[in-house]
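Me: I've got a model open and want to check a few of the labels people put on it. Can you walk me through them?

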Amino acid sequence: MHPLFEKASGLTESIIGGAIEVHRDKGPGLIESIYEWCLQKELELRKLGCVSQKIVQINYKGFIREEPLRFDLLVEGCVLVEVKAVQQVLPIHKAQLLSYMKLLDIPVGLLINFHEMKLTDGVHRLILPGANQ
């Protein structure tokens, strides 16, 4: 089991609750950057630490490169949140989140699409393969 899996699983309810609060206040139809900023502020109000960019080491066949990775929110170092405001969540959106989770070694990811009338219809929880075993 991933050492951060239990902590991450416990945080998802609070993160989703924060997203629901933002959606309740702002409604659907805005651009992603507004939801991302509001969600970050809501999570900070809930005393959860968030970062939105990190330098990561990319290893490829013995070559190493440092690269700034522009993800939406990393909460408490263990849940990666990707904010969307799209008509439909596509498989590539989930694939991108999973790729970021692999690069950062983050056990749990949340893809939250604010372009839904009921926000919970737009929440997708991803688990890094093997993280819960």
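Me: Why does Leu30 count as partly exposed?

Reply: Leu30 has 32% relative accessibility, and the classes are buried under 20% relative accessible area, exposed over 50%, and partly exposed in between (1.4 Å probe, protein chains only). So Leu30 counts as partly exposed. Bear in mind that this is a predicted model, where local features need pLDDT of at least 70, side-chain atom pairs count only at pLDDT 80 or more, and totals for chains, interfaces and linings use all residues. Residues are numbered from 1 along each chain as its sequence is written, and side-chain values use heavy atoms, with hydrogens and water left out.

Me: What makes Lys61 exposed?

Reply: Its relative accessible area is 70%, and exposed means over 50%, so Lys61 gets that label. Lys61 sits in the loop between β2 (54–60) and β3 (63–69); strands here are DSSP runs of E, at least two residues, and helices are runs of H or I, at least four, numbered from the N terminus.

Me: What is notable about the phi of Lys61?

Reply: Phi is near 50° there, a positive value in a residue other than glycine. Most residues other than glycine have a negative phi. Glu76 also has a positive phi, about 55°, although it is not a glycine.

Me: And why is Glu76 called partly exposed?

Reply: Glu76 is at 29% relative accessibility, so it falls in between the two cut-offs. Its place is in the loop between β4 and β5.
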